[in-house]
Amino acid sequence: MQLCVALDLPSKEENLALIDKIKDYDVWLKVGLRSYIRDGEEFLKDIKKINPDFKIFLDLKLYDIPNTMADAAESIMSLGVDMFNVHASAGKRAMKEVMSRLEPYENRPIVLAVTALTSFNEDEFGEVYGDSISKKADQLAKDAYESGLDGVVCSAYESSSIKNITNKTFMTLTPGIRPFGEDSGDQQRVADVAFAKSVDVDFIVVGRPIYNSKNPADVLKRILEQM
């Protein structure tokens, strides 16, 4: 299991200050929609200046028509990131088109598909998808697996089932991790590190518990010890 630190602070300067405090740790960094729209490719370069060994997860959740998603995926290749994601809800044709477009490239990034956002509760999810979270997440994960992707973004509660219907090497990345019982905020399906580990999660994403701390490096160290 690997730790991915979410860079969701209000400014580029605050994100870079956080990165500087944790630069000596072997972790991934997640650059999400807010940070990338605001700070762009230069921010990715700034991260590598602090520590060129940091691996970057570009969390943009691509969701569009198949050709547009594939065009965007191909453009991501020029950014030098190590992982990015798409929405499984875009369908198998779109996911297959993305993977086909990336096939000629050596050392392509890990590609994950979002199943059910961890901010959904059952009622909200049913209103949109007309099904239960567990059933639909399984189906979307199976679609991603059959489309040649490397894994999915899901909550820890869906990880075991997804690995059972795909295989053990099909990756699961889980947001909404609250390592020390912190408030769940806008997340609904949260879990702690021990539970994520017990269900063979490959990547956990932790944001607020780290960057809201007065000593982010200390919190990060404690999380790594739990892992």
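## Charged pairs and the model

Lys 30 is buried, because its relative accessibility is 10%, where buried means under 20% relative accessible area, exposed over 50% and partly exposed in between (1.4 Å probe, protein chains only). This is a predicted model, in which local features need pLDDT of at least 70 and side-chain atom pairs count only at pLDDT 80 or more, while totals for chains, interfaces and linings use all residues. Residues are numbered from 1 along each chain as its sequence is written, and side-chain values use heavy atoms, with hydrogens and water left out.

Lys 30 forms a salt bridge with Asp 59, with 2.9 Å between the closest N and O atoms; a salt bridge is a side-chain nitrogen of Lys or Arg within 4 Å of a carboxyl oxygen of Asp or Glu. Asp 59 lies in strand β3 (residues 55–62) and Lys 30 in strand β2 (residues 28–32), so the pair ties together parts that are 29 residues apart in sequence. Helices (H or I, at least four residues) and strands (E, at least two) are DSSP runs, numbered from the N terminus. Asp 59 is likewise buried, with a relative accessible area of 7%.

## Further salt bridges

The whole structure holds 14 salt bridges. One of them joins the side chains of Asp 20 and Lys 23 at 3.3 Å, N to O. Asp 20 is partly exposed because its relative accessible area is 38%, and Lys 23 is partly exposed at 32%.

Another salt bridge brings together the side chains of Glu 42 and Lys 45 at 3.6 Å, N to O. Both residues lie in helix α2 (residues 33–50), 3 residues apart, about one turn of the helix. Glu 42 has a relative accessible area of 42% and is partly exposed; Lys 45, at 41%, is partly exposed as well. Elsewhere, Asp 71, Glu 74, Glu 97 and Arg 101 are joined into one network by salt bridges that share partners.

## Negative surface patch

Glu 122, Asp 123, Glu 124 and Glu 127 form a negative surface patch. Patches are made of residues with over 30% relative accessible area and no salt bridge, like charges being joined within 9 Å and nonpolar side chains (Val, Leu, Ile, Met, Phe, Trp, Tyr) within 5 Å. Asp and Glu count as negative and Lys and Arg as positive, whereas His and the chain ends are not counted. The place of a charge is taken as NZ of Lys, CZ of Arg, CG of Asp or CD of Glu. Accessible areas come from the Shrake-Rupley method with a 1.4 Å probe, and for residues only the protein chains shown count as cover.

Within this patch, Glu 127 belongs to helix α5 (residues 122–129). Glu 127 is exposed, because its relative accessible area is 71%.

## Aromatic pairs

A pair of aromatic rings is described by the distance of the centres and the angle of the planes. Rings of Phe, Tyr and Trp (its six-membered ring) pair if their centres lie within 6.5 Å; planes under 30 degrees apart count as stacked, over 60 as edge-to-face and the rest as tilted. The count comes to 6 aromatic pairs. In one of them, Trp 28 and Phe 203 are edge-to-face, at 5.2 Å centre to centre with 80° between the planes. This pair links distant parts of the chain, with Trp 28 in strand β2 and Phe 203 in strand β8 (residues 203–206), 175 residues apart. Both Trp 28 and Phe 203 are buried.

The ring centres of Tyr 157 and Phe 195 are 4.9 Å apart and their planes are at 35°, so this pair is tilted. Tyr 157 lies in helix α7 (residues 156–165) and Phe 195 in helix α8 (residues 193–198), so the pair ties together parts that are 38 residues apart in sequence. Tyr 157 is partly exposed at 49% relative accessibility, as is Phe 195 at 30%. In addition, Phe 120, Phe 125 and Tyr 129 form one aromatic cluster.

## Positive phi angles

Most residues other than glycine have a negative phi, and most peptide bonds are trans. Lys 61 has a positive phi, near 50°. Lys 61 is found in strand β3 and is partly exposed, at 28% relative accessibility.

Asn 107 also has a positive phi, near 55°. Its place is the loop between α4 (92–102) and β5 (110–114). With a relative accessible area of 76%, Asn 107 is exposed.
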